[in-house]
Structures are given as structure tokens and as C-alpha cells.
Amino acid sequence: MYTLGEFIIENRDKFLYSKEALLRLFSSIKLAAKSINKEVNKAGLTEEIMGSSGMTNIQGETQQKLDNFAHRAFIESFKSRNVVCGIASEESKDFIIIGEKENENNNLSKYIVLIDPLDGSSNIDVNIPIGTIFSVYIRKTPTRMELTIEDFLQRGNKQILAGYIIYGSSTILVYSTGNGVHGFTLDPSLGTFYLSHPDLHFPKKIEKIYSINEGNYARFSDGIRNFIRYCQEKKENRPYTARYIGSLVGDFHRNMIQGGIYIYPETIHFPCGKLRLLYECNPIAFLTEQAGGKASDGKKRILDIKPRNLHQRTPFICGPIGMVSKLEEFMND
Ligand code: AHG
Ligand code: MN
Ligand code: MN
């Protein structure tokens with residue numbers, strides 16, 4: 001059984017950039033993931049993990065204690081290995097420069113990370129899977145120059161690495177460098193990630209699940225409502241089954257393995273959608289395409305959207321090509 005490190009060293013994923021850099025990136029990601037995993041497994045036993053931190057983030061959302069813990073775990077882990085020069089996180093208004101001293105652009109690394117350190121925060125206190133979503137780019141400005149916002153506002157099609165960690169019935173790290181999607185399960189007794197899900201794909205010709213927060217039905221457009229009715233119709237391979245846990249990572253992971261569509265459209269409350277383009281939608285869209293699916297905002301390919309700001313939101317649809325195209329037909333009718 002391959003460990004994640006062996007998989008990369010033997011170049012099983014045919015990564016075009018530096019293998020050494022990829023190993024160092026993963027050494028940071030694995031370390032932070034393992035410490036979050038450890039905390040998640042203690043949730044309920046200590047006061048430090050569960051509940052609200054009493055603070056709000058830039059988007060006005062209440063930060064959970066674990067949101068902050070996960071944010072710090074990733075920042076520290078990337079800092080200590082000096083493998084990236086800048087990070088943008090859901091939990092920080094501005095991007096963070098990783099230099100020898102804070103705010104110093106003396107880091108020779110050319111890699112930029114965008115991260116949702118803890119996805120599905122509303123599920124922390126109720127033992128439902130949560131996740132981390134990450135995305136890596138190469139900076140646009142030359143090294144040693146000051147990092148600018150343009151280094152972070154790159155189209156999703158420029159990602160060189162994207163992935164997530166799901167802290168579920170087991171902890172699994174799933175990633176793609178543009179050569180398929182591979183999943184590695186953490187053996188907690190050894191602290192090692194082993195290849196468990198090589199070459200993940202949406203199952204061919206299986207359309208089974210639709211995932212949407214149907215509580216927002218009254219706030220959806222006619223196109224979305226008509227698609228939901230279509231999913232519920234008794235015809236051909238329908239009705240589809242409805243599954244929605246409210247953790248994008250968990251909903252996507254299940255849908256990719258079992259065959260389903262995930263939808264977070266615009267609503268009256270979230271006129272531009274709820275999910276964030278840079279650190280939620282782009283990495284999941286990259287994995288979706290690598291797994292043979294399609295990711296769209298209803299009209300355009302997610303990966304082609306030119307970002308305007310770090311915390312920008314977008315309507316988000318991802319899943320098997322046939323299901324996503326069908327929904328687009330309803331939306332653009
Ligand atoms: P986060 O916890 O990082 O803020 O993300 C929550 C997101 C996403 O994970 C999930 O799919 C969605 O919010 C659920 O939203 P609703 O509760 O509105 O359905
Ligand atoms: Mn999230
Ligand atoms: Mn989050």
C-alpha cells in the first residue's frame with residue numbers, strides 16, 4: 001500500500017512541477033490535518049473545541065473555536081516549513097505574507113495557498129463530517145517582490161494543486177494536481193496517509209443523488225425549483241434521492257463516489273450564492289473536472305471566472321456532466 005509520500009516520490013500522479021515542493025506542501029498540509037483530526041476526535045471531551053469563539057469573521061459569520069484552531073494550525077504549519085510565500089484564508093480578511101519575519105517578502109517560495117481551514121462549521125458540535133479545502137497556485141509576481149492581491153486573484157484554471165481533507169468516519173485526504181483525483185486514508189495509529197481511493201471518478205451513467213438546502217425552496221428561482229421537481233419525478237431513473245449534510249466537503253465526497261449533483265444557488269439571502277469562489281468553489285470545481293464531472297455557476301465554467309476579491313461568493317453547481325447540464329437547461333429556460 002502506498003503512502004502519500006511514496007505515491008509522490010514515485011511520481012504516480014505525473015506531477016509536472018517540483019516533486020520536492022509537492023512533498024513539502026503536503027508535509028505542511030498533513031501536519032495541520034493530523035492536529036485538526038486529533039482535536040476533532042476529542043470534541044465533546046474538552047471545552048476548548050466545541051462552540052463559538054465569540055468572534056465573527058470578515059463575512060460576518062460567527063467563528064467557531066475549531067475554525068480558529070484550524071486556521072492557526074495551517075498558518076503555523078506552512079510558516080514553519082517555508083514552502084509557501086502567501087496564504088489567504090476564510091478566517092482572515094487580508095492575505096498573509098509568509099516571510100522570515102511577518103510582512104517581509106523575503107521568502108523564495110513561489111507557491112500561494114488559498115484555504116478554507118474548517119468547512120462545515122455548523123456541524124462541529126453535532127459529530128457530522130467536516131473538512132478542510134485547499135488550493136495552490138504559482139505566484140504571478142517575481143519572487144522577492146512584494147506579493148500583491150493579483151497573486152491571489154487567479155482564475156481557478158491556474159491551480160496546480162487542489163484538494164480537501166474530510167474528517168469523517170475516517171479521515172481522508174483527497175487531491176489532484178491535474179492528473180486524476182486520488183484519496184489517502186489516515187491510519188491514526190501510525191499517523192500515516194495510505195492510498196485508499198486511487199483515480200476517483202463520478203460513476204459512469206449513475207445519476208442518483210441531489211444535494212441542495214431545500215429549506216430555501218421559497219427563495220430559489222423558478223429554474224432551480226423546476227429542477228428539484230424534475231429530480232423528484234417518477235420517470236426513467238428518477239426520483240433521485242436527496243442527501244444534504246451542510247458540509248460542502250462531505251456532500252461533495254459522497255456525490256463523487258456515489259453519483260450526485262451539489263447545488264448552492266443564489267437565494268434572496270445570498271444574491272451571489274453563499275460559497276466562496278477562491279477557497280471553496282475553485283478547488284472543488286478542479287476536483288470535479290478531474291473526476292470527470294462539470295462545475296458551473298449556472299452559466300459559466302467556475303474555473304474560468306476572473307476573481308475580483310478574496311472572499312467573493314458565487315452560485316455553485318457541481319456533479320456528473322449530464323446532471324449539471326440538465327440543471328443549466330432549467331436555469332436558462
Ligand atoms: P463554512 O463552514 O466554511 O463557513 O462553510 C459552510 C458552507 C458549506 O460547507 C456548506 O455546504 C454550506 O455552507 C451550508 O450552508 P447552508 O447551511 O446555508 O445550507
Ligand atoms: Mn466552507
Ligand atoms: Mn470554513
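**Exercise 1. How far is an oxygen atom of ligand 1 from a polar backbone atom of S121?**

*Solution.* Keep in mind that you're working with a predicted model.

Step 1. Go to S121 and pick out its backbone: one of its polar atoms there is 2.8 Å from an oxygen atom of ligand 1.

Step 2. Check that against the cut-off: a polar contact needs a pair of N or O atoms within 3.5 Å, so the S121 pair makes the cut.

Step 3. Try the side chains next. N213 has a polar side-chain atom 2.8 Å from a ligand oxygen, and for E280 a side-chain N or O atom is 3.4 Å from an oxygen of ligand 1.

Step 4. Now see how wrapped up the ligand is. On its own, ligand 1 has 470 Å² of accessible area, and the protein covers 86% of that.

**Exercise 2. Work out where ligand 1 sits and what surrounds it.**

*Solution.*

Step 1. Start with the site: ligand 1 sits in the largest pocket.

Step 2. Look for the elements that give two or more residues to the shell, and you'll find β5 (111–119) and β13 (260–264). Of the elements, β5 gives the most, with 3 residues.

Step 3. List the neighbours. There are 18 residues around the ligand, and D119, N213, Y244, Y262 and Y264 come nearest.

Step 4. Sort the shell by type: 6 residues are nonpolar, 5 are polar and 7 are charged.

Step 5. Zoom out to the domains. Domain 1 (4–197) and domain 2 (209–332) each supply at least three residues to the shell.

**Exercise 3. Track down two backbone oddities.**

*Solution.*

Step 1. Recall the usual picture: most residues other than glycine have a negative phi, and most peptide bonds are trans.

Step 2. Look at N11, in the loop between α1 (4–9) and α2 (19–42). N11 isn't a glycine, yet its phi is positive, about 55°.

Step 3. Move on to P239, in the loop between α4 (222–232) and β12 (241–242). The peptide bond from R238 to P239 is cis, with omega near 5°.

Terms used. Residues numbered from 1 in each chain as written. Chains lettered and ligands numbered in written order. Predicted model: local features only at pLDDT ≥ 70, side-chain atom pairs only at ≥ 80, totals over all residues. Heavy atoms only, no water. Near = heavy atom within 4 Å. Polar contact = N/O pair within 3.5 Å; in protein donor to acceptor, adjacent residues only side chain to side chain. Areas by Shrake-Rupley, 256 points an atom, 1.4 Å probe, with all protein chains shown as cover. 1 Å grid on protein atoms, 1.4 Å probe; cavity = no way out; pocket = protein on both sides within 12 Å on 5 of 7 lines; lining within 4 Å. Sits in = over half its atoms within 2 Å of the grid points. Helix = DSSP H or I, 4+ residues; strand = E, 2+ residues; numbered from the N terminus. Nonpolar A, V, L, I, M, F, W, Y, C, P; charged D, E, K, R; others polar. Domains from an automatic or database assignment.
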